[in-house]
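Let's take a walk through the empty spaces of this protein and the aromatic rings found in it. Have the model open and follow along.

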Amino acid sequence: MTARPARREVLAALAAGGATALLAASLPSPLRAAQPLRVATLDWLGTEFCLTAGLAPVGVADLPGYLQWVGFGAADLAQAADLGSRQQPGLETLARLKPDLILGSAYRHASLEAELARIAPVALLPDKGPGDQLHLIRAAYDACAAAIGADAAPAQSHFDATLAALAETVVARGLSGAPVVLAQPLEGTPRLRVFNADAAAMRALALTGVTPAVPANGEAFGFATMGIEGLAALSPETRLLLLADALPAELGDSAIWPLLPVVKAGGLILTGRVWSFGGLQVLADLSEHAVNALIAGGRG
């Protein structure tokens with residue numbers, strides 16, 4: 001039988017060839033079990049993906065920000081090093097960690113790939129692009145799972161099962177087809193970040209049976225900003241799901257705000273602050289928060 005290459009040799013070969021995914025079959029199982037990969041993550045999505053797969057990164061870019069905004073798997077990051085900003089991670093800190101693999105974002109880190117590859121093999125996840133953002137998230141998770149030698153199926157199945165269960169609740173509560181706008185406050189301005197039908201968060205929520213009220217527009221991030229004038233065009237039947245604990249004063253203090261059709265009809269629903277740019281686990285949690293908020297809103 002031909003000997004299988006050592007883990008580092010496989011990773012180095014893939015990095016030299018420009019590969020962005022590592023086949024789990026290439027890693028010897030005993031090595032994987034006895035010596036978990038030392039992975040450094042340069043983007044919050046990759047951090048969440050690794051934690052979802054049961055692997056705690058040894059270094060995380062903008063670790064305080066991840067703990068504040070995303071939060072998933074926070075207890076498993078107690079020993080992780082902070083690698084600085086996601087745009088420009090600290091290369092010296094990264095090198096001192098001696099990672100087996102650097103997991104980054106094709107969108108953020110393509111220009112840094114050569115520098116990063118001098119430290120360790122690099123896998124850049126395909127996490128941004130036009131069209132269906134949830135499809136990209138699923139593909140990026142599969143790529144991450146392959147890169148760290150994990151099985152992608154459990155997390156994908158858990159996501160599908162969670163959304164299917166929420167869809168049953170939506171039907172039972174008479175909310176099927178309800179037009180929904182999912183939005184985030186933009187601090188200091190009387191405007192909202194509104195997610196269109198292509199956004200990953202809105203795609204996930206649509207799987208529960210509600211209807212995106214803002215159509216897709218082909219933009220790479222799946223969102224746009226909307227002010228009072230745009231909000232005034234929303235029909236009274238719309239549910240405006242605001243990912244916040246309270247209505248921003250910049251909107252609530254406007255004399256026009258209480259006159260908006262969606263507001264007059266009781267369509268404003270606060271979900272609490274929930275991160276909207278996450279992976280499978282965070283998107284499932286967001287959808288659950290949103291459906292529970294819709295039910296509590298009392299219009300179903």
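How much space lies in the second largest cavity? About 40 Å³. Keep in mind as you look that this is a predicted model. The structure holds 2 cavities of 30 Å³ or more, and the second largest is a good place to start.

Its lining is made up of Asp43, Leu45, Gly46, Leu103, Gly104, Ser105, Leu125 and Asp127. Two elements each give two or more residues to that lining: helix H3 (44-52) and strand E4 (101-105). The largest share comes from E4, with 3 residues. Sorted by class, the lining of this cavity splits into 3 nonpolar, 3 polar and 2 charged residues.

Now move over to the largest pocket, with a volume of about 1,100 Å³. Some 50 residues line this pocket, and the ones closest to its centre are Gln184, Arg193, Trp275, Ser276 and Phe277. As for the character of the lining, 28 of the residues are nonpolar, 13 are charged and 9 are polar.

Two of those central residues, Trp275 and Phe277, lead us on to the aromatics. The structure holds 7 aromatic pairs. One of them joins Trp44 and Trp275 edge-to-face, with 5.4 Å centre to centre and 65° between the planes. Why does this pair tie together parts that are 231 residues apart in sequence? Trp44 lies in helix H3, whereas Trp275 lies in the loop between strand E11 (268-270) and helix H14 (280-296), so the contact links those two parts.

Are these two tryptophans buried or exposed? Trp44 has a relative accessibility of 6%, so it counts as buried. Trp275 comes in at 18%, and because the cut-off for buried is under 20%, Trp275 counts as buried too.

Zoom out a little and you'll see that both tryptophans belong to one aromatic cluster, formed by Trp44, Trp69, Phe195, Phe223, Trp275 and Phe277. Phe277 is thus a name you've met before, among the residues closest to the centre of the largest pocket.

Finally, have a look at the arginines. Arg193, another of the residues closest to the pocket centre, lies over the face of Phe223, at 4.7 Å from the ring centre. Over the face of Trp69 you'll find Arg273, at 4.5 Å from the ring centre. Both of the rings involved, Phe223 and Trp69, are members of the aromatic cluster.

Notes
Residues numbered from 1 in each chain as written. Predicted model: local features only at pLDDT ≥ 70, side-chain atom pairs only at ≥ 80, totals over all residues. Heavy atoms only, no water. 1 Å grid on protein atoms, 1.4 Å probe; cavity = no way out; pocket = protein on both sides within 12 Å on 5 of 7 lines; lining within 4 Å. Points joined across faces, edges and corners; volume = space filled by probe spheres on them. Nonpolar A, V, L, I, M, F, W, Y, C, P; charged D, E, K, R; others polar. Helix = DSSP H or I, 4+ residues; strand = E, 2+ residues; numbered from the N terminus. Phe/Tyr/Trp six-rings, centres within 6.5 Å; stacked < 30°, edge-to-face > 60°. Buried < 20%, exposed > 50% of the residue type's maximum accessible area, 1.4 Å probe, protein only. Lys NZ or Arg CZ within 6 Å of the ring centre and 35° of its normal.
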